[in-house]
Amino acid sequence: MTALLAGFGTATAAPGSRGAPPAGPAPATAYPVGVHTFTLDPGGARPLPVTVWYPAARGGVAPGRFPVVVFSHGLDSLPALHAPLTSRWAAAGFVVAAPAYPRTRRGAARFTRADVRHQPADGWRLIRHLVRLDTRRGDPLAGHLDVARFAAAGHSAGGFTTAGMLTSGHPPRLRAGIVLAGGGLAGAFAGPTAPVLFVHGDTDPVVGVAVGRAAYARTPGPAGFLTVTGGDHGSYLTPGRPGFAQVLATTTDFLRWALYGDRAALRRLPTDATFPTHWSCKEGPPVNAFCIGRAPS
């Protein structure tokens with residue numbers, strides 16, 4: 001991780017800043033990582049247990065404010081199962097908040113895959129809660145969240161959830177999306193234009209790569225597509241498996257560009273995709289240099 005972070009310079013304004021103050025400089029070294037848990041609306045109809053990974057120092061959150069990534073798990077999964085990726089994002093300078101969805105998480109009393117259509121609203125409920133929490137005296141995360149800079153990310157059904165959060169009328173504080181082995185929902189990729197990164201194995205037997213490609217084609221703004229050659233539905237999210245190092249480097253650089261405005265990270269995106277991955281991209285407003293001089297594909 002230290003090698004991955006080396007060379008990150010001072011950030012410029014994040015893409016699509018819409019008047020928000022400039023982001024702080026992208027961290028140049030890795031942080032220790034802390035974990036915090038809470039339950040959103042514990043007495044409500046859809047309680048959300050949330051696991052938060054954060055940059056840590058001296059037993060608490062590291063000094064400063066950090067952009068926030070809302071991470072959505074897939075069917076019959078849990079936030080903790082994605083810790084190899086989410087904890088590394090936290091080490092790179094992000095607060096990662098991952099809800100356990102009430103009807104699709106592992107162990108859900110009333111499991112139903114159809115409930116995915118309700119999860120984008122849950123994601124937005126969490127974002128609104130985090131905005132309020134940042135001002136709540138005594139909360140360990142208060143004063144450490146850059147509430148003008150959120151990204152949504154997710155795997156499989158969580159990727160569809162992420163797409164569903166990028167719908168018409170979504171607040172501009174949601175600045176980017178990462179769809180891992182997922183696709184689009186009805187009405188997705190509308191509203192304020194946000195860059196989206198897709199990651200997909202080209203032999204995925206659960207969500208075919210054509211589904212991800214179709215969603216990629218629908219995005220109105222800049223988008224990138226990282227194909228894992230020979231990749232299945234998500235083994236490339238496991239450390240030591242083929243593609244993990246490339247997926248980690250690409251997703252981290254994408255987040256650093258989208259949320260910190262780090263143009264050095266943007267320039268690295270094509271070269272992050274070494275074998276067994278392949279990078280393609282397309283341009284779109286508000287950024288017209290996303291493909292770094294490469295022909296859009």
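This report walks through a predicted model, looking at its disulfide, two of its helices and a few unusual backbone spots.

## The disulfide

Let's begin with the cysteines. When the whole structure is searched, one disulfide turns up. Its partners are Cys281 and Cys291, with an S to S distance of 2.3 Å. Cys281 belongs to strand 10 (residues 277-282), while Cys291 sits in the segment after strand 10, so the bond ties together parts that are ten residues apart in sequence.

Are these two cysteines buried or exposed? Both Cys281 and Cys291 are buried.

## Helix 2 and the glycine after it

Helix 2 covers residues 83-91, and its buried residues are Leu85, Thr86, Ser87, Trp89, Ala90 and Ala91. As you follow the chain onward, look for Gly93: this glycine follows helix 2 and has a positive phi, near 110°.

## Helix 3

How far apart should the ends of helix 3 be? This helix has 15 residues (119-133), and at 1.5 Å a residue it should span 21 Å. The C-alpha atoms at its ends are indeed 21 Å apart, so the model agrees with the expected value.

Eleven of those 15 residues are buried, which means that helix 3 is largely enclosed by the rest of the structure. Among the buried ones you can find Trp124, Leu126, Ile127, Leu130 and Leu133. The buried set also includes Asp122, Arg125 and His129. For background, an α-helix has 3.6 residues a turn, so residues three or four places apart point the same way.

## Unusual backbone spots

Here is a handy rule to keep in mind: most residues other than glycine have a negative phi, and most peptide bonds are trans. The next three places are worth finding with that rule in hand.

Ser156 has a positive phi, near 60°, although it is not a glycine. You will find Ser156 in the loop between strand 6 (145-155) and helix 4 (157-165). Its relative accessible area is 10%, and since buried means under 20%, Ser156 counts as buried. Ala181 is another non-glycine residue with a positive phi, near 55°. Ala181 lies in the loop that runs between strand 7 (174-180) and strand 8 (196-201). With 0% relative accessibility, Ala181 is buried too.

Which peptide bond is cis? The one joining Phe275 and Pro276 is, with an omega of about 15°. Pro276 is part of the loop between helix 7 (263-272) and strand 10, and strand 10 is also where Cys281 of the disulfide lies.

Notes
Residues numbered from 1 in each chain as written. Predicted model: local features only at pLDDT ≥ 70, side-chain atom pairs only at ≥ 80, totals over all residues. Heavy atoms only, no water. Disulfide = S-S within 2.5 Å. Helix = DSSP H or I, 4+ residues; strand = E, 2+ residues; numbered from the N terminus. Buried < 20%, exposed > 50% of the residue type's maximum accessible area, 1.4 Å probe, protein only. Expected span 1.5 Å × (residues − 1).
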